[in-house]
Amino acid sequence: MRTSIGRLLRAHGLGVLLFDSVEALFGHVDFSNAICLVIDINLGHRSGIDLRRHLMKEGVTTPVIYVTGNDSPTHRSIAVESGCVAYLTKPFTAQSLIESIERARSELG
């Protein structure tokens with residue numbers, strides 16, 4: 001999924017950094033040029049929503065798009081409360097992801 005999203009975004013002329021783990025993401029310290037972060041809600045042993053909260057505590061205010069294969073009213077509600085730009089349920093269309101990224105870009109000013 002991560003690789004496919006990377007290919008899609010590059011095909012639309014967007015720069016992409018892919019992280020294969022939460023730890024790798026934590027090792028990246030500069031999010032100043034990022035339009036947004038695309039985070040899966042289910043990261044195995046960790047919640048993407050918890051990851052978002054951790055990043056916010058660290059001062060990272062980059063807009064977030066959540067993706068999930070396990071949609072539920074609870075996940076959706078918590079995701080929206082955490083301040084996401086979009087909440088996409090797998091499988092989602094390429095267009096819905098691109099539109100969400102454009103919405104994030106417009107929020108940046």
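In the predicted model, Arg53 and Asp50 form a salt bridge, with their closest N and O atoms 3.3 Å apart. This pair qualifies because a salt bridge requires a side-chain nitrogen of Lys or Arg within 4 Å of a carboxyl oxygen of Asp or Glu. Both residues belong to helix α3, which covers residues 48–57, and because they are three residues apart in this helix, about one helical turn separates them. An α-helix has 3.6 residues a turn, so residues three or four places apart point the same way. Side chains of opposite charge can pair when their charged atoms come close. Arg53 has a relative accessibility of 41% and therefore counts as partly exposed. Asp50, at 37%, is also classed as partly exposed.

A search of the whole structure gives four salt bridges. Among them is a pair in helix α5, formed by Glu102 and Arg105, whose closest N and O atoms lie 3.3 Å apart. Glu102 and Arg105 are three residues apart in α5, so about one helical turn lies between them. The relative accessibility of Glu102 is 37%, which makes this residue partly exposed. Arg105 is likewise partly exposed, at 36%. Another of the salt bridges joins Arg76 to Asp71, again with 3.3 Å between the closest N and O atoms. Arg76 is partly exposed, with a relative accessibility of 35%, and Asp71 is partly exposed as well, with a relative accessible area of 40%.

Helix α5 was also examined for its length and its surroundings. The helix runs through residues 94–108 and contains 15 residues. At 1.5 Å a residue, a helix of this length should span 21 Å, and the C-alpha atoms at its ends are 22 Å apart, so the expected and computed values agree. Directly after α5 comes Gly109, whose phi is positive, near 100°.

Several residues of α5 are buried, namely Ser96, Leu97, Ile98, Ser100, Ile101 and Ala104. These residues count as buried because the term applies under 20% relative accessible area. The elements that cover the buried residues of α5 include helix α1 (2–11) and the strands β1 (37–40), β2 (64–68) and β3 (86–89). Helix α5 thus carries buried residues such as Leu97 and Ile101, while Glu102 and Arg105 in this helix are partly exposed.

Methods. Residues are numbered from 1 along each chain as its sequence is written. This is a predicted model: local features need pLDDT of at least 70, side-chain atom pairs count only at pLDDT 80 or more; totals for chains, interfaces and linings use all residues. Side-chain values use heavy atoms; hydrogens and water are left out. Helices (H or I, at least four residues) and strands (E, at least two) are DSSP runs, numbered from the N terminus. The expected span of a helix is 1.5 Å times one less than its number of residues. Buried means under 20% relative accessible area, exposed over 50%, partly exposed in between (1.4 Å probe, protein chains only). Contact means heavy atoms within 4.5 Å.
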